[in-house]
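Biologist: I'm new to this one, so could you take me on a close look at a single part, the sheets and the helices packed on them?

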Amino acid sequence: MFSDARLTNFIANTLALLAVLALIAGVVVWVAQRPYFAIAKIQIEPLQADAFNYVSAASVQATIAGRVAGNFFSVDLDDTRHLLETVPWVRHAQVRRVWPDALRIQIEEQQPLALWNENQMINTWGESFSANQGELADDARLPQLNGPDSSERLVVQRYAEIARWFAPLNLSVHEVTLSPRYAWEVKLSDGVRLSLGRDPAADVADPHGRSGALPFAARIERFVQAWPTLTERLDGRAISSADLRYSNGFAITLAPVSNISTK
């Protein structure tokens, strides 16, 4: 077998090459494990804004302290990102290595749009999240949105539509509730409560093609168009609630007249 000089030289050269590669790999591993490459600095900054509104660098540092394993070469960036996204008010995080011993962390904060159900909030992307509501600005006036699990995007979409309809009347939406049967209730800034009924576009279509209700937007449009005439005829009387579920109109309930007696 070894009488062939060319085969012998090939085997010898291959073994020599493997030895050199093993030596180089050993040197690389040895260098990579030197303390010089240990993570010594962590840069934390907002992804888009100039400053954080809700996230603090201290809370981020406290979350990752002692939990980021490895050095500049071996640290797992995906694991670190997932860890950062457990911090309250953090929506997304990006983690990059900065030569030779640092990590650069960029954080996208949650942007609260509304309160969601009992103890959560919902962001401008229609995603629910949990965070300390006490950290909201003192003048923050978030609407209350309610709905079944996984209905966040639908409720946010309908909230935006309703808000646009009532904005010309100088009314804002304080509360929107979607029931488990996909019926809508709305509370306006003047205290009026609206019953909008079921939303044919919000649940599974009737197999027989019967929507059973006037389209969602049409009910609101009819009420909004009638609002100026309605308030004029009421001559200052306040509306307590309105039922918009009728096919050819709506019903209103007037607020009780307060009787103030003088002595």
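Modeller: Sure, let's begin with the contacts (heavy atoms within 4.5 Å): among those in the protein between residues at least 6 apart in sequence, 48% join residues at least 24 apart. Keep in mind that this is a predicted model, where local features need pLDDT of at least 70, side-chain atom pairs count only at pLDDT 80 or more, and totals for chains, interfaces and linings use all residues. Residues are numbered from 1 along each chain as its sequence is written, and side-chain values use heavy atoms, with hydrogens and water left out.

The protein has five helices and twelve strands; these are DSSP runs numbered from the N terminus, with at least four residues for a helix (H or I) and at least two for a strand (E). Strands of a sheet pair through backbone hydrogen bonds, either parallel or antiparallel. Here, two strands count as paired if DSSP finds at least two bridges between them.

Now for the nine-strand sheet. It's an open one with mixed pairing, and its order reads 6-5-4-7-8-9-10-11-12. At the edges sit strand 6 (128-129) and strand 12 (251-254), each pairing on one side only. Further in, strand 4 (residues 112-116) and strand 7 (residues 144-146) run parallel, joined by two bridges. Look there for Leu115, which stands opposite Gln144 in strand 7.

Helix 4 (residues 152-166) packs on this sheet and touches several strands, including strand 4, strand 7 and strand 8 (173-178); its direction makes about 140° with that of strand 8. Such angles run from 0 to 180 degrees between N-to-C directions, and the axes are lines fitted to C-alpha atoms, for helices over the stretch in contact. Helix 5 (residues 216-234) lies across strand 9, strand 10, strand 11 (239-243) and strand 12, running at about 150° to strand 10.

Then there's the three-strand sheet, also open and mixed, in the order 1-3-2. Strand 1 (41-46) and strand 2 (90-98) are its edge strands, so called because each pairs on one side only. From one strand to the next, the twist averages 20°. Six bridges tie strand 1 to strand 3 (residues 102-109), and that pair runs parallel. Ile44 faces its opposite number, Ile105, in strand 3.

Helix 2 (residues 57-64) packs on this sheet, touching strand 1 and strand 3, and its direction makes about 135° with that of strand 1. Helix 3 (residues 77-84) lies across strand 2 and strand 3, at about 150° to strand 2.
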